[in-house]
Amino acid sequence: YYADTNKFHISIGGGNMPDSQVTGLRSIEYNVPDLAKTSRFYETCWGLAKIAEEDGTHWFRATGAEHHIVVLHEGGKASVNRINFAAPDNTAVNALYGKLSGLGISTEGNPEVLSGPGGGYGFSFADRDGLRYAISCDVVTHTDVEMEHDRPFKLSHVVLNSNKVEDQTEFYRDVLGFRVSDRTDRMNFIRCSPDHHSIAFAHNKGPSLNHAAFEVPDFDALMCGSGRMKQKGFPVQWGVGRHGPGNNVFGYFFEPNGMVIEYTAEVEQVDEATYKTGTPEDWAQRVKGPDRWGFADPPTDHLRRCMGGDPQPPEVVIF
């Protein structure tokens, strides 16, 4: 990676490096000013289960096999702390570490056995926008997997704001092995699994979290979960609707700190052999606006501000 041109050169060190890549999205970690309040929200409102806590940090699982999908760290302004990806094995983790190190990407130590809940083997790094990530393998999984009618079963995707959307897209494609699913005027959608997107980059004035999406089993589960949220004092802020790229049903909400979270369902599954990447021109003709149905009102100014990276706690009456 060359800082003066914002470009990177994949052939490093003159040797052949294994074609290793990220294969999934594991979890998202947040900094929150009030750990107890936010923890209570994710358990009683959002539908996750706390599985571990230590030293001002709480871990939460969904109903799927992934050991945990949300981690809360107490302290500081509400923000994303780290996003965690999966790799297939130690060889892939080591190869990705070597590739990132060779490109001058800032890493937090060498790959190692992880001592926290879920264990595994991996390392952390920071991208060119200064956001933190980790790549790991051999993390403990759950066997009591089930699809409940109103609870998330996995972390679906994370959308990040950036003023270098194309540069970030190239980095994740060429270095981490992501594939570009679609580009629109608003954002680029990239995938590391059959899901249409695991990460998306939204055009914005600088790096921040736009929102995180949690997948529920189907449309009925999305409505049941949304109903619970409404009864707890967190009404839907945008939706219910169906997006263009990804074809997923959506409902957007605030968590107690003003960060934006989404229930989503029916995410498009990509056939690598036949899928054609859409362009902004394609999508301008195919779908008018971000809701195929035309049912959802536009996002409020409050929601736009929070999605833009400036979380503003909502006024919660019941919770």
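The legends below describe close-up views of a predicted model.

**View 1. Surroundings of His 196 in the loop between β11 and β12.** His 196 sits in the loop that runs between β11 (187–191) and β12 (199–203), and with a relative accessibility of 0% this residue counts as buried. Leaving aside residues up to four places away in sequence, His 196 touches Ser 181, Asp 182, Phe 189, Ile 190, Arg 191, Pro 245, Gly 246, Val 267, Glu 268, Val 270 and Tyr 275. With one of these residues, Asp 182, the side chain of His 196 makes a polar contact of 2.6 Å. His 157 lies 39 residues from His 196 in sequence, and the C-alpha atoms of the two are 9.3 Å apart in space.

**View 2. The salt bridge between Arg 82 and Glu 29.** The closest N and O atoms of this pair are 3.0 Å apart. Because Arg 82 belongs to strand β5 (residues 79–86) and Glu 29 to strand β1 (residues 24–32), the salt bridge ties together parts that are 53 residues apart in sequence. Arg 82 is buried, with a relative accessible area of 19%, and Glu 29 is also buried, with a value of 6%.

**View 3. The salt bridge between Lys 154 and Glu 215.** Here the closest N and O atoms are 3.9 Å apart. Lys 154 is in strand β9 (residues 154–162) and Glu 215 in strand β13 (residues 208–215), so the pair ties together parts that are 61 residues apart in sequence. Lys 154 is partly exposed, at a relative accessible area of 24%, whereas Glu 215 counts as buried, at 8% relative accessibility.

**View 4. The salt bridge between Glu 272 and Arg 191.** The two side chains meet with an N to O distance of 2.8 Å, and the pair links distant parts of the chain, 81 residues apart, with Glu 272 in the loop between β16 (260–265) and α5 (280–286) and Arg 191 in strand β11. Glu 272 is partly exposed, with a relative accessible area of 43%, while Arg 191 counts as buried at 5% relative accessibility. Arg 191 is also among the residues that His 196 touches.

**View 5. A network of salt bridges formed by Lys 77, Arg 305 and Asp 310.** These residues are joined into one network by salt bridges that share partners. Over the whole structure, a search finds 17 salt bridges.

**View 6. The largest pocket, with about 780 Å³ of space.** The lining comprises 37 residues, and those nearest the centre of the pocket are Arg 186, Met 187, Trp 238, His 243 and Pro 290. At least two lining residues come from each of β9, β11, β12, β13, α5 and α6 (301–307). By class, the lining divides into 16 nonpolar, 14 polar and seven charged residues.

**View 7. The second largest pocket, with about 470 Å³ of space.** This pocket is lined by 26 residues, of which Glu 29, Arg 82, Asn 84, Leu 114 and Gly 116 lie nearest its centre; Glu 29 and Arg 82 are the partners of the salt bridge in View 2. The elements β1, β4 (70–74), β5, β7 (121–126) and β8 (132–137) each supply at least two residues of the lining, which has nine nonpolar, eleven polar and six charged residues.

Key. Residues are numbered from 1 along each chain as its sequence is written. This is a predicted model: local features need pLDDT of at least 70, side-chain atom pairs count only at pLDDT 80 or more; totals for chains, interfaces and linings use all residues. Side-chain values use heavy atoms; hydrogens and water are left out. Helices (H or I, at least four residues) and strands (E, at least two) are DSSP runs, numbered from the N terminus. Buried means under 20% relative accessible area, exposed over 50%, partly exposed in between (1.4 Å probe, protein chains only). Contact means heavy atoms within 4.5 Å. A polar contact is a pair of N or O atoms within 3.5 Å; within protein, one must be able to donate a hydrogen and the other to accept it, and residues adjacent in sequence count only if both atoms are side-chain atoms. A salt bridge is a side-chain nitrogen of Lys or Arg within 4 Å of a carboxyl oxygen of Asp or Glu. On a 1 Å grid over the protein atoms alone, a cavity is a set of points where a 1.4 Å probe fits but cannot get out, and a pocket is an open set with protein on both sides within 12 Å along at least five of seven lines; lining residues have an atom within 4 Å of a point. Grid points are joined across faces, edges and corners, and a volume is the space filled by probe spheres set on the points. Ala, Val, Leu, Ile, Met, Phe, Trp, Tyr, Cys and Pro count as nonpolar, Asp, Glu, Lys and Arg as charged, and the others, Gly among them, as polar.
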